[in-house]
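Me: Hi, have you got a minute to go through a structure with me? I'd like to start with the charged side chains.

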Amino acid sequence: MKVAIETLIHEMESKLTGFAALLVYRYANLCVKAQPMALLSAQIIDEELGEMKIEEAAGVIMPDEYHLKVVPFDPRFNIPLCKAIMKEHPEFKQELVKPEGSDDENERHLILTMPEVNKDRHDALMDAVDLLYNGCKEKMNKTIADYRLKLEKKIVTLPTDDERDEAKDALEKSVNTHQDMINTAKADKIKEIEEAYQRYLDEQTAKKAKADEQAAARGHQAGQQLRLDTEE
């Protein structure tokens with residue numbers, strides 16, 4: 001292929017990759033399971049400490065799928081970190097916890113619990129997934145159309161059918177690859193939401209079963225007491 005055609009394809013790929021990466025980032029900020037990436041936008045703004053990004057003030061650990069542990073590099077960062085994260089993700093439950101075995105009364109790390117996915121949150125998340133995907137796809141389609149037009153004008157100038165076919169194949173391969181990227185990102189996010197929603201439903205079922213069991217036990221005890229009182 002001519003250098004000009006390769007250059008145009010690389011330009012298109014760079015833009016499409018950027019759109020796909022932005023979609024992945026935005027999906028990470030639709031917090032369902034714990035995603036350290038979701039904290040990247042949080043910024044500490046403090047009169048005494050100045051301005052810092054999260055990674056400059058703390059380390060972030062993911063102890064399980066639904067929690068993040070933020071470990072400040074300095075106890076002075078505790079409250080500013082809480083405020084910065086609260087501003088970006090008010091839906092997170094925050095808890096400052098003293099590390100086990102620590103003798104320092106000022107030492108704390110921050111535990112973030114992801115919000116439960118009930119029916120309302122499930123529906124809102126699914127709507128957001130579609131909205132973000134459609135916005136990304138619209139930008140990608142416009143970019144593809146623009147570059148397809150530019151490339152077609154250059155492809156027809158190639159001297160042989162083999163070269164023209166090679167250039168067309170490279171273009172379509174790139175388009176399909178990036179389309180697959182955003183389709184996979186969407187499918188993964190939907191799976192994540194559905195799993196979290198099922199987790200919520202399972203927890204509610206377990207709570208109801210436990211409550212029914214306790215109610216039955218209280219009823220049984222009340223019945224026994226009534227029989228004892230009657231016998232007396």
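Me: Great, is Lys119 buried, partly exposed or exposed?

Reply: Lys119 is partly exposed, because its relative accessible area is 44%. Bear in mind that this is a predicted model.

Me: Noted. Which residue does Lys119 form a salt bridge with?

Reply: The partner is Asp123, and the closest N and O atoms of the two are 2.6 Å apart. Asp123 is partly exposed too, with 29% relative accessibility.

Me: Where do those two lie?

Reply: Both are in helix H4, which covers residues 119–155. They are 4 residues apart, or about one turn of the helix.

Me: Why does that spacing suit a pair?

Reply: An α-helix has 3.6 residues a turn, so residues three or four places apart point the same way. Side chains of opposite charge can then pair when their charged atoms come close.

Me: OK, and what does Asp130 pair with?

Reply: Asp130 meets Lys186 in a salt bridge, at 3.2 Å from N to O. Since Lys186 lies in helix H5 and Asp130 in helix H4, this pair ties together parts that are 56 residues apart in sequence. As for cover, Asp130 is partly exposed at 33% relative accessibility.

Me: Staying with H5, which residue does Lys189 bridge to?

Reply: Lys189 forms a salt bridge with Glu192, with the closest N and O atoms 3.3 Å apart. The two are 3 residues apart in helix H5, so about one helical turn separates them.

Me: And are Lys189 and Glu192 buried or exposed?

Reply: Lys189 counts as buried because its relative accessibility is 3%, which is under the 20% cut-off. Glu192 counts as buried as well, at 11%.

Me: How many salt bridges are there?

Reply: The count comes to 10. There is also a network of salt bridges that links Lys33, Glu65 and Glu195.

Me: Switching to the surface, which residues form the negative patch?

Reply: That patch is formed by Glu6, Asp162, Asp165, Glu166 and Asp169. Helix H5, residues 161–231, gives the largest share of the patch, with 4 residues.

Me: Take Glu166 from that list. Where is Glu166 found, and how much of it is accessible?

Reply: Glu166 is in helix H5. At 41% relative accessibility, Glu166 counts as partly exposed.

Me: What about a nonpolar patch, which residues make it?

Reply: Val24, Met37 and Leu40 make a nonpolar surface patch of about 240 Å². Of these, Leu40 sits in the loop between helix H1 (3–28) and strand S1 (43–46). Leu40 is partly exposed, with a relative accessible area of 48%.

Me: H1 again, then. How far apart are Ala21 and Glu47?

Reply: They are 26 residues apart in sequence and 34 Å apart in space, C-alpha to C-alpha. Ala21 belongs to helix H1, and it is partly exposed at 46% relative accessibility.

Me: Last topic, the inside. Which residues of helix H3 are buried?

Reply: In H3, residues 78–88, the buried ones are Asn78, Pro80, Leu81, Cys82, Ala84 and Ile85.

Me: And what covers them?

Reply: The cover includes several strands: S1, S3 (58–64), S4 (67–72), S5 (93–97) and S6 (109–113). Helix H2 (54–57) is also among the elements that cover the buried residues of H3.

Me: Lovely, thanks!

Terms used
Residues numbered from 1 in each chain as written. Predicted model: local features only at pLDDT ≥ 70, side-chain atom pairs only at ≥ 80, totals over all residues. Heavy atoms only, no water. Patch = residues over 30% accessible without salt bridge, like charges linked within 9 Å, V, L, I, M, F, W, Y side chains within 5 Å. Areas by Shrake-Rupley, 256 points an atom, 1.4 Å probe, with all protein chains shown as cover. Salt bridge = Lys/Arg side-chain N within 4 Å of Asp/Glu carboxyl O. Lys, Arg positive; Asp, Glu negative; His and termini not counted. Charge placed at Lys NZ, Arg CZ, Asp CG, Glu CD. Buried < 20%, exposed > 50% of the residue type's maximum accessible area, 1.4 Å probe, protein only. Contact = heavy atoms within 4.5 Å.
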